[in-house]
Every structure is written in C-alpha cells, then in structure tokens.
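Please open the model in a viewer and keep the sequence panel visible. The stops below are given in the order in which they may be selected.

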Amino acid sequence: MTIRNRIALQFSLIVASILIVFSILIYFVSATYRREEFYDRLKNKARTTVRFLIEVKEVDRELLKIIDRNTLTALIDEKVLIFDAKNRLIYASVDDQVIHYQTALLDEVRQLKDVETFSGSNELIGLLYQQNGQDLVVLASAHDTFGKSKLDNLRLTLGWGLLAGLSITIGLGIFFAGQSLRPISQINQQVSTITARNLQQRLDEGNRQDEIARLAINFNNVLQRLQQAFDQQRSFVSHASHELRTPLAALKSEIQLGLRRPLTIQEHEEILKNLMSDTDRLINLTNSLLFLARTMESSNQVPFQPVRIDDIIFEVKDELIDAKPGYRVEVDFENIPETETETLVEGSESLLKQVLLNLFDNACKYSSDHTALVRIGTNAHSCQITIQDRGIGMSEIDRQHIFEPFYRAQNALGYEGFGIGLSISAKLMELHRGTLTVDSRVGEGSTFTVSLPHV
Ligand code: ADP
C-alpha cells in the first residue's frame with residue numbers, strides 16, 4: 001500500500017470513528033430523552049384520570065370515558081386502566097381494555113409505587129394511587145408515534161450524514177495526502193536520474209523550510225560530498241599513475257643507456273647506482289600509496305585508547321633524529337597543564353605518531369637550519385601542538401591545496417617527497433576528531449597546528 005493511501009486510510013478511520021461515536025451518542029441521548037418525556041406525559045395522564053374519577057364527585061365513569069376519548073388525540077392508542085386493591089378493574093378508558101399486562105405487574109406497582117415498562121411497541125407505566133384508605137393501581141399505555149417517527153428521522157439523517165461525511169473525508173484524505181507527498185514523488189523522479197556520471201546534478205530544495213525541503217538539502221549535501229570523493233579518487237588515480245610513470249621512465253632510459261654500447265666498470269657502477277636510487281624512490285612511493293589506501297579503507301577499525309600526547313611527541317622526536325641525525329627538534333610547553341588529563345587524548349598511538357613524524361620531518365626538511373620548534377599547549381577542552389619552522393614557507397594558494405593527495409608547492413619540488421604525507425595526516429586528524437591547520441609565509445617559514453580534544 002502506498003504511503004498516500006495509508007495516510008488517507010488512517011485519516012478516514014480516525015474521522016469515521018469520531019463521527020460514529022458522535023452519531024451513536026446523539027441518537028442514544030435523543031432516544032432516552034424521548035422515552036423519559038413520554039413516560040412523564042403518561043404519568044400525568046394517569047394521575048389526572050384517577051383524580052377525576054376519585055376526587056371529583058361530579059364526574060362519573062361514563063363522563064370520564066367521554067372526556068378521555070376526546071382528549072386522547074395527542075397520545076396515540078392511549079389506554080388507562082384503574083384497578084382496586086383486589087385487582088378488579090374499576091375503570092377502563094377504552095372498551096376493548098387491551099393492555100397486555102400480567103397480574104404480577106399490578107403487585108410490582110403496589111410494591112414499587114411507580115413502574116415504567118413496555119406493552120408490545122407501546123410504553124406502559126404503572127402508578128400506585130393512595131387516597132382515603134384506597135389503594136388503586138393505575139396502568140396507562142400509549143404509542144409515541146410522533147416521538148418515534150422523529151427518532152426514525154434522526155436515525156436516517158445521522159446515517160446519511162455519516163455516509164456523506166465519510167465519503168468527503170476519504171476524498172479529502174486522498175487529495176491532501178497526495179498534495180503533501182507530491183514533493184517526495186518529485187524528489188524520487190529527480191533522484192532516479194542521478195548517476196555516477198552526473199553527480200553535479202542537485203535536487204530542487206523547494207522552500208528550504210519544511211521536512212521534505214530539509215531532506216532535499218541533506219541529500220544535496222551528500223551528493224556534494226560524493227562528488228568531491230569521486231573527483232578526489234579520479235585525481236588520485238591520475239596523480240598516482242603519473243608519479244609511478246616518472247621513476248619507471250627513468251629506469252627504462254638508464255637501462256637503454258646501458259644496452260647501447262659496451263660499458264666500463266665505472267659506468268656500470270654509475271648506472272646501477274642510478275637504478276638503485278630510482279628503485280628506492282619507487283618503493284617509497286608504493287609504500288606511501290599503500291599506506292594512504294589502507295588509512296582510507298580501514299582507519300575506522302583502528303582501536304582507540306587514551307594516549308599521552310607529550311610522550312608521543314618525545315618518542316617521535318627521538319625516532320626522527322635517529323633516522324636523520326642532521327635534523328633538530330626542540331620541544332617546549334606553552335603552559336603547564338593544569339590537570340594530568342590535559343595531555344591525555346583518545347586515539348591510536350601509531351597513527352598519531354605517523355601524523356607528528358610527517359609534520360616534524362617536513363619542518364626540518366623544508367628549512368635550511370633543519371630545525372622544528374614544537375610547542376605543547378593545553379586548555380580546558382583541547383590540547384594544541386604547534387610545529388614551527390623558519391623554512392621556505394608557502395603561498396596562500398599552496399596553503400589551500402597542500403592537504404590534497406600529491407599536491408606539492410612549486411618551491412618544494414627541489415626537495416624529496418611525493419605530496420602524500422599531509423593528506424594522510426589530515427585524514428587521520430579527522431578520524432581523531434581533531435584539526436590540522438597551517439599558517440605560512442613564503443620565505444619566512446610555516447607553523448602547523450594540531451588540535452585534539454583531550455579526555
Ligand atoms: P611531501 O613533503 O612529501 O611533498 P606532504 O604531503 O608532506 O608531502 O606535503 C605536501 C606539500 O606541502 C609539500 O610538497 C610542500 O609543498 C608543502 N609543505 C609541507 N610542509 C611544509 C613546510 N613545513 N614548509 C613549507 N612547505 C611545506
């Protein structure tokens with residue numbers, strides 16, 4: 001069943017239940033009111049008749065019958081019977097005396113003094129009349145034709161009203177449900193035309209206010225991110241193949257050079273050394289690519305635990321200086337941490353090491369004094385590590401691109417590297433819910449800032 005029909009059905013069921021309950025209530029109250037009113041009229045009639053018979057001396061039975069017959073027009077098929085203490089009928093307003101009653105009813109009236117019941121389709125009341133030591137039982141019955149026909153009318157009106165109300169409700173339900181869901185059908189249509197080839201297409205965001213517009217806005221945001229991811233992947237593949245082709249081409253030309261003529265031993269050595277360095281470059285590049293791919297793929301599964309960031313900084317410093325003894329890393333605290341937890345962050349030790357190693361290495365690599373100045377600062381929420389150098393720096397445009405895979409600034413081309421390290425670092429920081437920012441000026445140096453929420 002479509003959502004439109006389901007909403008229309010639920011709406012109709014709710015309205016139908018309310019209408020039915022109201023109709024039943026109205027009918028029930030009207031029926032009770034009619035019956036009570038009719039019983040009251042019957043009782044009045046019974047009292048008047050018995051009073052005329054017993055208390056007014058001038059009125060005898062025959063006269064009373066005549067009066068009764070002539071005043072009975074209001075109450076249809078009305079009969080009044082009066083019985084004495086021995087259940088003998090002492091007065092009947094009509095000759096046929098047909099009121100279906102049982103003697104038990106007369107006893108019940110004597111006991112309860114006032115009984116309301118039915119005689120076939122007629123209403124019947126019984127009253128005990130006590131006057132001058134006489135115990136008379138008066139039975140009065142009549143058919144409330146007028147009231148019952150009014151009730152029939154009401155039932156008919158309510159029935160047709162209910163039917164009309166329901167039809168209108170169902171019609172309106174389907175119409176309004178269709179109206180409110182139309183934007184969803186439009187979105188559906190638009191979404192079905194989006195493929196990997198036209199990810200730049202966007203959904204109509206309507207009034208940008210209601211829930212459906214917000215759905216479209218969110219979907220557009222997802223499309224935007226998907227498009228970025230696709231673009232990144234495309235540029236990654238083209239950059240990666242380009243980077244791999246350069247050393248491979250160099251390898252090939254070295255080999256061709258060696259095959260062209262017989263070589264001396266020195267020349268052999270020279271070519272082999274070149275081959276070795278190109279192969280090393282290829283291995284480094286492949287390792288970096290592998291690491292980048294693995295970080296993108298499985299970084300979500302890396303287990304996190306509380307790690308002390310200042311300890312990691314000193315370990316990374318030692319590792320870097322061991323590997324490259326010409327480099328210098330100076331570590332200092334910006335402020336004394338107020339609590340032990342201010343340098344404790346939730347993360348993966350090995351991944352955080354990878355980020356810091358890359359930043360320390362870059363700072364030393366791109367500065368002539370090969371020195372990185374590292375500062376650790378903390379506040380109530382986070383822990384900041386700034387890595388400063390007095391090196392080549394970079395332009396505003398370079399700053400915007402250095403976190404993209406394979407991007408290398410023009411002034412860095414003379415230095416070894418593939419342009420992958422910072423893109424990995426940025427991704428790892430995202431994973432740690434931290435940030436990596438840079439401030440730099442060409443020729444003056446750069447300052448990278450890592451900010452991580454502490455425990
Ligand atoms: P790589 O250093 O291998 O080229 P990275 O991803 O680490 O790769 O860096 C990307 C680019 O960012 C570098 O090529 C360089 O242009 C720029 N860069 C990074 N760190 C610095 C720095 N400390 N000083 C100047 N430029 C830098």
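The tour passes from single residues to pairs of helices.

This is a predicted model, in which local features need pLDDT of at least 70 and side-chain atom pairs count only at pLDDT 80 or more, while totals for chains, interfaces and linings use all residues. Residues are numbered from 1 along each chain as its sequence is written, and side-chain values use heavy atoms, with hydrogens and water left out.

**First stop: Asn 122**

Select Asn 122, which lies in strand E4 (residues 122-131). Helices (H or I, at least four residues) and strands (E, at least two) are DSSP runs, numbered from the N terminus. Is Asn 122 buried or exposed? Asn 122 is buried, with a relative accessible area of 8%; buried means under 20%, exposed over 50% and partly exposed in between, with a 1.4 Å probe and protein chains only.

Now display the side chain of His 143, with which the side chain of Asn 122 makes a polar contact at 3.4 Å. A polar contact is a pair of N or O atoms within 3.5 Å; within protein, one must be able to donate a hydrogen and the other to accept it, and residues adjacent in sequence count only if both atoms are side-chain atoms. Leaving aside residues up to four places away in sequence, Asn 122 touches Asp 77, Thr 117, Ser 141, Ala 142 and His 143, where contact means heavy atoms within 4.5 Å.

**Second stop: Phe 28**

Move to Phe 28 in helix H1 (residues 3-55). Phe 28 counts as exposed, at 58% relative accessibility. The C-alpha atoms of Phe 28 and Gln 111 are separated by 30 Å, and the two residues are 83 apart along the chain.

**Third stop: H1 and H4**

Keep H1 and add helix H4 (residues 145-192): their axes come within 8 Å and cross at roughly 165°. Axes are lines fitted to C-alpha atoms, for helices over the stretch in contact, and angles run from 0 to 180 degrees between N-to-C directions. H1 and H4 are therefore roughly antiparallel, the term for angles over 145 degrees. The residues of their contact divide into 20 nonpolar, 8 polar and 4 charged. Ala, Val, Leu, Ile, Met, Phe, Trp, Tyr, Cys and Pro count as nonpolar, Asp, Glu, Lys and Arg as charged, and the others, Gly among them, as polar.

**Last stop: H7 and H8**

Finally, select helix H7 (residues 309-323) and helix H8 (residues 349-365), whose axes come within 9 Å and cross at roughly 50°.

Terms used: Angles under 35 degrees count as roughly parallel, over 145 as roughly antiparallel, 65 to 115 as roughly perpendicular and the rest as oblique.
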